[in-house]
Structure formats: C-alpha cells, structure tokens
Amino acid sequence: KSVNIVYKSTINSSNRIIRFDDPEQEATFFEVLIKQQYFSKSEEKLSPFKAIKPLLIFLLVVVIITAVAYIDGINMLKGEGFDSESIKTNFAKSFIRLIGPYGVLVFGGVISIAILYFINKRYYDPPTQLLYSPPNQ
C-alpha cells in the first residue's frame, strides 16, 4: 500500500510517496505521527467535483483522441493519409486502418462509457482523505 504525503509550509510544498509492505509498518508510522510528533488526525470528504476532476480531464483527452483518430480514419478511406517516419505514428495509423473509422468510434465510445461509469460512481460516493496536521496548525 502506498501513502501520498503532501507537505506544505510557508516556504515550499512537496509531495512524497511512501510505500508500506507491511500493514504493521503503516500503523506504526501513523502512531508515531500522532503520539510522538503530536500531529492531529482529521478526515475530509472530497467535494464531488474535486473527486471527479481528474476523470473529467481524462474523459476529455479520450474524446479528443477519438475524434482525431476518427478523422484520420475517414481520410485514410479517402486515400489522404500522410506518411510518417515515427514508429508511434505508424503504429497508430496501422491500428486505425485495421479497425476503421467506425471501429475507432466504438473503441473510444467503450472507453468513454467506462470513464463515465467511474465518474458517476465517484461523484455519488467521493473518497475521504485522512489529514494529519502538525501541532502548530
């Protein structure tokens, strides 16, 4: 299990990810924060919009990529594709050529529906964050 530690001060802020292999290590770490360092523990339920914001951005990216790939697929059917030396571009064009423009729409639609499912699930049940604050705050 990994824990994302966000440290904010008046000078700077930083993120650190700590991974615990053993649940006992994790419990000991937070026990030290509370009992020896006098941190206070609180829970904060994320607002629905804050909870789904990263998924909305991901959905927007998927829709844009699907639209561009669909247009490329239509252009390939017309014989208006462009030649590229890039391996990634050639792979993407080969994939679009393989499934066709309507396959691109189906593929992008399935991914979009899955993202919408997770957006809906997360909107109606936003996660709770555990916050540990130092004694001065």
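**Exercise 1. How many aromatic pairs does the structure hold, and which class does the pair of Tyr117 and Phe118 belong to?**

Solution. The model is a predicted one, and the structure holds 5 aromatic pairs. A pair of aromatic rings is described by the distance of the centres and the angle of the planes. For Tyr117 and Phe118 the ring centres lie 5.3 Å apart, and the planes stand at 70 degrees. Centres within 6.5 Å make a pair, and planes over 60 degrees apart count as edge-to-face; the pair of Tyr117 and Phe118 is therefore edge-to-face. As a last step, consider the accessibility of each partner: Tyr117 has a relative accessibility of 48% and so counts as partly exposed, and Phe118, at 45%, also counts as partly exposed.

**Exercise 2. Describe the order of secondary structure elements and the share of buried residues in the protein.**

Solution. Begin with the inventory, which comes to 3 helices and 4 strands. Reading from the N terminus on, the elements follow the order β-β-α-β-α-α-β. The protein has 137 residues, of which buried residues make up 19%, where buried stands for a relative accessible area under 20%.

**Exercise 3. Compare the span of helix 1 with its expected value, and locate its buried and exposed residues.**

Solution. Helix 1 covers residues 23–35, which is 13 residues, and from its first C-alpha to its last it reaches 18 Å, close to the 18 Å expected at 1.5 Å a residue. The next step is to find its buried residues, which are Glu26, Phe30 and Leu33. Because these residues cover an arc of only 50 degrees around the axis, they lie on the same side of helix 1. The face turned away from that buried side carries the exposed residues Glu24 and Lys35.

**Exercise 4. Characterise the second largest pocket by its volume, its lining residues and the elements that supply them.**

Solution. The volume comes first: the second largest pocket holds about 310 Å³ of space. Its lining consists of 16 residues, and those closest to the pocket centre are Ile65, Thr66, Ala69, Val104 and Phe107. Turning to the elements, helix 2 (48–77) and helix 3 (87–124) are the ones that give two or more residues to this lining. Helix 3 provides the largest share, with 9 residues. Finally, sorting the lining of the second largest pocket by class gives 12 nonpolar, 2 polar and 2 charged residues.

Technical notes
Residues are numbered from 1 along each chain as its sequence is written. This is a predicted model: local features need pLDDT of at least 70, side-chain atom pairs count only at pLDDT 80 or more; totals for chains, interfaces and linings use all residues. Side-chain values use heavy atoms; hydrogens and water are left out. The expected span of a helix is 1.5 Å times one less than its number of residues. Buried means under 20% relative accessible area, exposed over 50%, partly exposed in between (1.4 Å probe, protein chains only). The arc is that of the directions from the helix axis to the C-beta atoms. Rings of Phe, Tyr and Trp (its six-membered ring) pair if their centres lie within 6.5 Å; planes under 30 degrees apart count as stacked, over 60 as edge-to-face and the rest as tilted. On a 1 Å grid over the protein atoms alone, a cavity is a set of points where a 1.4 Å probe fits but cannot get out, and a pocket is an open set with protein on both sides within 12 Å along at least five of seven lines; lining residues have an atom within 4 Å of a point. Grid points are joined across faces, edges and corners, and a volume is the space filled by probe spheres set on the points. Ala, Val, Leu, Ile, Met, Phe, Trp, Tyr, Cys and Pro count as nonpolar, Asp, Glu, Lys and Arg as charged, and the others, Gly among them, as polar.
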